[in-house]
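I opened a fresh notebook page for this one. Come along and look over my shoulder.

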Amino acid sequence: MTDRTDLPLSDLRVVELGNIVAGPFAGGMFADLGADVVKVERPGTGDIIRTQGETGEAMFAALNRNKRSVELDLKSEAGLAALYELVDDADVFVENLGRGAPERLGIGSDDLRERNPELVYLSIKGFADGPYGDRAGMDVVAEAMSGLMSVTGEPGRQPVRVGTSIADMGAALYGVIGTLVALRERERTGEGQRVDGTLFEAAAHWTGYWTTYADLLGEDPEPLGASHPSWGLYDVFPAEGGWLFVGVTTTRHWPAFCRAVDAEDLLADERFDTVDKRRANKAELTETVRERLSGRDREALLDALYEESVPAAPVNQPSDLLDDEGLEAAGVLARFAVDDDRDSQTTMTPVSGERFGPGQYRDPPALG
């Protein structure tokens, strides 16, 4: 395991009052980079996700490694006093409670920064202050309202959510970026401030180029599936051994692809001989390639495509990332004990530089 004091944020103290994904994901990023993160949990039950079955157990373990846990009843004088004591020595406070809940408990931004003017207070909510501010926020609400669900899935079928809590994580990510900016500003001013991370605005930022597309063309994009309308050959294809993705986006890629899959006769097909023609004849091209790759060995195809430097990838299952050699080389695989009998893995915060990176140094905490 890594020594926490060797990591870049080891001089930061963070108090996290987070539940489920957004708050814990933000706290986890700080923790992976070395901050001393104390997770404040409700007595008896703790983070809501702890009790949500096998999926909840996995989510808790992955998002709360490297943290310490304390049980505090914030509705009691003793619990509130203990939280204040933690905050008095903290650099950052993270919360993703329902809007208005921190203020009712006496732990809102104004309350805590009055005690500790240098505190950076990260508040993660469903929406920014404004007309939607009082609505209940959650990941799928943000995906739906931002337009993200409308471009996810297959044409003619119902909209679907992304297969992870992408809006929660986006709000946390932007919140952490904002917190680091606020800490940088604190070096000049000596004062902390409130930082906002919001699910809807995060997801809307990620669908921003489709908003521009709709504005310029006067029409909305269809659901994308695994494709993209800018490119003719950009999709997933079945092969023997599983699915693979291929993306032909440049003039160089097309002949390289044809060589790799033994389809050089397609180079003479005038329907596909330019980027524009491949885009215009996308349906025919996709079906032609699907027929050519059907029944072929996936690993052999991938090796040939890699050899020709054509963008390609296997469509992995999450289990395929266990002990993945690329993640191992990047130094972002975390191995930890879930309990006395079981070990597990996850991917750490992939933030690194020439002289820093994330580290795994503490197993997920038992409650309190």
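Below are my entries on a helix pair, a surface patch and a salt bridge.

**Entry 1: before starting.** I reminded myself that this is a predicted model.

**Entry 2: two helices.** I began with a general thought: two packed helices are described by the angle and the distance between their axes. So which angle do the axes of α7 and α8 make? I found that they cross at roughly 95° and come within 8 Å. Helix α7 covers residues 166-189, and α8 covers residues 199-206. Angles of 65 to 115 degrees count as roughly perpendicular, so I noted α7 as roughly perpendicular to α8.

**Entry 3: who meets whom.** Next I listed the residues in contact. From α7 come I166, A167, D168, G170, A171, L173 and Y174. On the α8 side they meet L199, A202, A203, H205 and W206. Sorted by class, I have nine nonpolar, two polar and one charged residues in this contact.

**Entry 4: a patch on the surface.** Then I turned to the outside and found a nonpolar patch formed by L173, I177, V181 and W206. Together they have about 340 Å² of accessible area. Which element gives the largest share? It is α7, with three residues, and V181 is placed in that helix.

**Entry 5: charges.** How many salt bridges does the structure hold? I read off 25. I picked one of them, where the side chains of K125 and E95 meet at 2.8 Å, N to O. K125 lies in strand β5 and E95 in strand β4, so this pair ties together parts that are 30 residues apart in sequence.

How values were computed
Residues numbered from 1 in each chain as written. Predicted model: local features only at pLDDT ≥ 70, side-chain atom pairs only at ≥ 80, totals over all residues. Heavy atoms only, no water. Axes fitted to C-alpha atoms, helices over the stretch in contact; angles between N-to-C directions. Helix = DSSP H or I, 4+ residues; strand = E, 2+ residues; numbered from the N terminus. Parallel < 35°, antiparallel > 145°, perpendicular 65-115°, else oblique. Contact = heavy atoms within 4.5 Å. Nonpolar A, V, L, I, M, F, W, Y, C, P; charged D, E, K, R; others polar. Patch = residues over 30% accessible without salt bridge, like charges linked within 9 Å, V, L, I, M, F, W, Y side chains within 5 Å. Areas by Shrake-Rupley, 256 points an atom, 1.4 Å probe, with all protein chains shown as cover. Salt bridge = Lys/Arg side-chain N within 4 Å of Asp/Glu carboxyl O.
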